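Please open the model in the viewer and keep the sequence panel visible. The tour proceeds by selection, with a short account of what each selection shows.

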Amino acid sequence: MKNVIIVGASGHGKVIIDIFEKQNDYQIAGILDDNVEKGSHFFGYTVLGTTMDLPDLVLKYQDCEVFIGIGDNWIRHKVKDKIQNLCPDISFANAIHPSAQLAKGVTLGVGNAIMPGAIINSDCKINNFTIINTKASLDHDSCMKDFSSLAPNATTGGNVTIGEFSVISIGATIKHGISIGDHSVIGAVALLLQNCDDRQVLYGTPAKVIRNRQLGDKYL
């Protein structure tokens, strides 16, 4: 079994730990977090240090991969860049819960979190460092670009494109054939019936543009 180091001691990190335990392809070497004391314990595992300790840990653990267990898309991106600057050749694992359903023709990049009960239908393309959360559903021929996320119970029709860093919030529904730009947020329980441009926040049924947003704006 390969070793995996999980970055992020948070509620999201707990879910990632549980997935890796059930996935049974990796041995969790420990946790990294820049804000938690080295040597303390988190959800049954030792905090090995901060991200700055990663180069030494990669030498210590054979076949070591990393998973960034951080829920915020923009922060996950910043941590990924920091890790790659420290360890340019590092490999990133996928965390896929055994109860998730991946249909024929699905393609996956790296660093993705696919939670319990998630459904990804035929010929979907999942790029890198996405989150498909608990019981979320991505229908056929859809695409999730880097650092995008589907929150719990979010649902899309087929042929949907979700742009980089964009967020589909809890219980939102996206009509088939819709294209969502980069850095946009579709609010909780919204019904999106029209395309969405970059950097927009939409809420309601049907969803309407509420405001624009800046790179890195909080949404969690």
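In what order do the five strands of the open sheet stand, and is their pairing parallel or antiparallel? The order is β9-β12-β15-β18-β21, and the pairing is parallel. The model under inspection is predicted.

**The open sheet and its edges**

Select residues 107-108, strand β9, and then residues 179-180, strand β21. These are the edge strands of the open sheet, each of which pairs on one side only. Next, add residues 161-162, which make up strand β18. β18 runs parallel to β21, and two bridges join them. To locate this pairing at the residue level, display Thr 161, which stands opposite Ser 179 in β21.

**Strand β1 and its partners**

Move to residues 2-7, strand β1. Five of the six residues of β1 are buried, and the strand is therefore largely enclosed by the rest of the structure.

Which strands pair with β1? One is β2, residues 26-32, paired with β1 in the parallel sense over six bridges. Another is β5, residues 64-68, whose pairing with β1 is likewise parallel and extends over five bridges.

Asn 3 is a useful residue to label here. It stands opposite Gln 27 in β2, and it also stands opposite Cys 64 in β5.

**The connection through helix α1**

Finally, select residues 11-23, helix α1, together with β1 and β2. These three elements make a β-α-β unit, and the unit is right-handed.

Key: Residues numbered from 1 in each chain as written. Predicted model: local features only at pLDDT ≥ 70, side-chain atom pairs only at ≥ 80, totals over all residues. Heavy atoms only, no water. Buried < 20%, exposed > 50% of the residue type's maximum accessible area, 1.4 Å probe, protein only. Helix = DSSP H or I, 4+ residues; strand = E, 2+ residues; numbered from the N terminus. Pairing = 2+ DSSP bridges. Right-handed = clockwise from strand over helix to strand, strands pointing away.
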